[in-house]
Amino acid sequence: MPTAPPPDFAAALATGPLVLDGGMSNQLAAAGHELLDELWSARLLADAPEAVVAAHRAYFAAGADVAITASYQASFEGFARRGTGRAQASRLLARSVELAREAARAEPGGRRRWVAASVGPYGAVLADGSEYRGRYGLSTAELVAFHRPRLEALAAAGPDVLALETVPDADEARALLELVRGLGVPAWLSFSVAGDRTRAGQPLAEAFALAAGVDEVLAVGVNCCTPQDADRAVALAAEVTGKPVVVYPNSGEEWDAARRDWRGEPTFRSARVGGWLAGGARLVGGCCRVGPDGIAALAAEVAVRRGRSGGIEE
């Protein structure tokens, strides 16, 4: 008797919440890797791919169902500045997906594990903090031209979903949404926010509404923000879009650019997940400074609320 094919990502999401991983950069830094390069963690796609696999495996072992690839800061333009040609850059983008798949295959157990290809904002490529401000001075057409080749390269590598993440500006969201239509890979759209506005200052409700009618977008929400801002955004995203919500905030510490260090105390708590799920979240995890321990605690909370341990069975 033939076995049923494994569910696709949309079907898995419909059955209950999935746990995302935590911050790629903090896990790589904890393993001793230097990330001050303009390519950030994407540099290791070429220089230390085994380190990327190890980081993914740490989060899978902690209970994550979904690995987000190390392609957030990867782009043809960024690789070109390091002397990497277009063909090799395309291979490195594809490698980010392949490495996450390798990590998923290496982990034991009967759970299906998923790969989300990270598509960071244009500002991340500038490596000057612009992704936390938006308002780049580019037209929608220029943003489309920038994002199209990297989206196409990542989609061709066969991820389960595209993570359009840390988007600071509704204008950039429009460009990304234009590109995912007809691409053949589902996506989630996740804004970086401050209070009830995008980082660029637009009302968050208006930003969320851009994705409401886009069938390719399976989930809408926020990431790379404070846990407190995430708490407030979840119900709004669900109300405005009618879609499942994705939420993965930072630890709550703040980056001191002058001292190049983090300050303050973490406010990321696994106990928050109950409120997120009640508000409509179906993809929950952590971003900067949230490591495997934080994801393990979050995954345990999700397991309790699902009434079973683990994710979607194959």
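**Exercise 1. What percentage of the 314 residues of the protein count as buried?**

Ground rules before the solution: this is a predicted model, where local features need pLDDT of at least 70, side-chain atom pairs count only at pLDDT 80 or more, and totals for chains, interfaces and linings use all residues. Residues are numbered from 1 along each chain as its sequence is written, and side-chain values use heavy atoms, leaving out hydrogens and water.

*Solution.*
- Step 1: take the cut-offs, with buried being under 20% relative accessible area, exposed over 50% and partly exposed in between (1.4 Å probe, protein chains only).
- Step 2: apply them, and 56% of the 314 residues come out buried.
- Step 3: look at the fold, which has 13 helices and 12 strands (DSSP runs numbered from the N terminus; helices are H or I with at least four residues, strands E with at least two).
- Step 4: check the packing. The radius of gyration is 18 Å, close to the 20 Å from the globule rule for 314 residues, so the protein is as compact as a globular protein of that length. (That radius is taken over C-alpha atoms, and the rule is 2.2 Å times the number of residues to the power 0.38.)

**Exercise 2. Work out the surroundings of R150.**

*Solution.*
- Step 1: place R150 in helix α8, residues 140–156.
- Step 2: look for a charge partner. R150 is buried yet has no salt bridge, and the nearest side chain of opposite charge, E172, sits 6.2 Å away. A salt bridge here needs a side-chain nitrogen of Lys or Arg within 4 Å of a carboxyl oxygen of Asp or Glu; for charge, Lys and Arg count as positive, Asp and Glu as negative, and His and the chain ends are not counted.
- Step 3: try polar partners. The side chains of R150 and H147 make a polar contact of 3.2 Å (N or O atoms within 3.5 Å; within protein, one must be able to donate a hydrogen and the other to accept it, and residues adjacent in sequence count only if both atoms are side-chain atoms).
- Step 4: list the neighbours. Leaving aside residues up to four places away in sequence, R150 touches, among others, Y72, F76, L93 and V119 (contact means heavy atoms within 4.5 Å).

**Exercise 3. Is helix α9 mostly buried or exposed?**

*Solution.*
- Step 1: in α9 (residues 170–180), 8 of the 11 residues are buried, so the helix is largely enclosed by the rest of the structure.
- Step 2: those buried residues include E172, L176 and V180.
- Step 3: inspect the ends. At the start, a side-chain oxygen of D169 comes within 2.9 Å of the backbone nitrogen of D171, and just after α9, G182 has a positive phi of about 80 degrees.

**Exercise 4. Compare two salt bridges out of the 12 in the structure.**

*Solution.*
- Step 1: R112 pairs with D160, the closest N and O atoms being 3.6 Å apart. R112 lies in the loop between α6 and β3 and D160 in the loop between α8 and β4, so the pair ties together parts 48 residues apart in sequence. Both partners are buried.
- Step 2: R232 pairs with D229, with closest N and O atoms 2.4 Å apart. These two are 3 residues apart in helix α11, about one helical turn. R232 counts as exposed at 54% relative accessibility, while D229 is buried at 8%.
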